[in-house]
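Got your viewer open? Load the model, switch to cartoon, and keep the selection box handy.

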Amino acid sequence: MAELVVVRHGQAAFGQENYDQLSDVGFEQARLAGDALRAMGWVPDRLVSGTLERQRDTLSAMKFDGSPEEHAGFNEYDFGDLLRAKYHGNVPELVKGDRKVHFRTLRETVFEWQDDQLNDPYETWGQFETRVAEALKFATDTDARRVLVVSSGGVIGQLVASTMQAPKRMMMEVNLQIKNASITRFVFSKGRVFMTGMNATPHLDHTDTQHLMTYS
């Protein structure tokens with residue numbers, strides 16, 4: 001069977017005006033992820049990312065040869081917009097700036113989004129499900145035997161939940177566990193996709209790299 005490896009982008013700029021950019025740590029995480037795959041003897045013959053800057057830059061920093069393709073279905077859901085929808089445009093400063101409060105609130109907000117309880121979000125939960133499914137089809141409808149995708153935590157959570165046929169809540173539970181530059185693996189054949197490994201960080205599990213482990 002062919003293989004699909006999905007890597008989450010490196011650490012981005014949480015709390016900054018422009019979240020969609022890698023930190024210095026994020027670039028190093030991405031470089032190490034590329035090195036780890038090469039050390040396993042795994043070199044992709046197709047490269048894909050979403051269209052977000054942090055995703056593109058992560059793929060570039062992994063330094064694999066080839067011409068990258070893009071599919072917007074691999075873009076993260078707009079968590080800022082979901083929070084604005086929940087709070088009617090007035091997101092509390094504590095939710096924006098405190099990591100624990102932010103992610104606890106985001107979890108609750110995504111559950112409301114999944115139940116169509118948010119007022120006029122930019123994208124419905126059904127639309128998110130559909131575009132992630134279309135992105136997965138795009139990545140796996142190929143003659144390539146090793147496909148590398150760089151995406152984001154929410155999309156990876158949805159890929160895991162959907163391929164495992166898990167309840168929709170599992171998307172967010174997985175999302176919150178996905179480490180930056182982690183490796184989630186699938187195999188695919190004739191339209192069928194199976195997960196074989198999730199959220200691995202062999203490149204960050206050593207004593208000299210553990211300080212680079214991040215989740216946002």
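Here's a short walk through one helix, a hairpin and a helix pair. Keep in mind that this is a predicted model.

**Stop one: helix α1.** Select residues 24-39, which make up helix α1. Want a quick sanity check on its length? At 1.5 Å a residue, these 16 residues should span 22 Å, and the end C-alpha atoms sit 23 Å apart, so the two agree. Now show side chains for G26, Q29, A30, L32, A33, G34, A36 and L37: these are the buried residues of α1. What do they pack against? Bring up β1 (2-8), α2 (53-62), β4 (146-151) and β5, and you'll have their packing partners on screen. Before leaving, click on G41, just after α1, where phi is positive at about 80 degrees.

**Stop two: the hairpin.** Strand β5 is residues 183-189 and strand β6 is residues 192-200; select both and you'll see an antiparallel pairing with six bridges. Follow S189 across to β6 and you land on R192, its bridge partner. Two residues lie between the strands of this hairpin, and K190 in the turn has a positive phi of about 50 degrees.

**Stop three: α3 and α5.** Select residues 79-86 for α3 and 99-114 for α5. How do their axes meet? They come within 10 Å and cross at roughly 75 degrees, so the two helices are roughly perpendicular to each other. For the contact itself, show F79, L82, L83 and K86 from α3, then H102, T105, L106, T109, V110, E112 and W113 from α5. Color by residue type and this contact splits into six nonpolar, three polar and two charged residues.

Note on methods:
Residues numbered from 1 in each chain as written. Predicted model: local features only at pLDDT ≥ 70, side-chain atom pairs only at ≥ 80, totals over all residues. Heavy atoms only, no water. Axes fitted to C-alpha atoms, helices over the stretch in contact; angles between N-to-C directions. Helix = DSSP H or I, 4+ residues; strand = E, 2+ residues; numbered from the N terminus. Parallel < 35°, antiparallel > 145°, perpendicular 65-115°, else oblique. Contact = heavy atoms within 4.5 Å. Nonpolar A, V, L, I, M, F, W, Y, C, P; charged D, E, K, R; others polar. Pairing = 2+ DSSP bridges. Expected span 1.5 Å × (residues − 1). Buried < 20%, exposed > 50% of the residue type's maximum accessible area, 1.4 Å probe, protein only.
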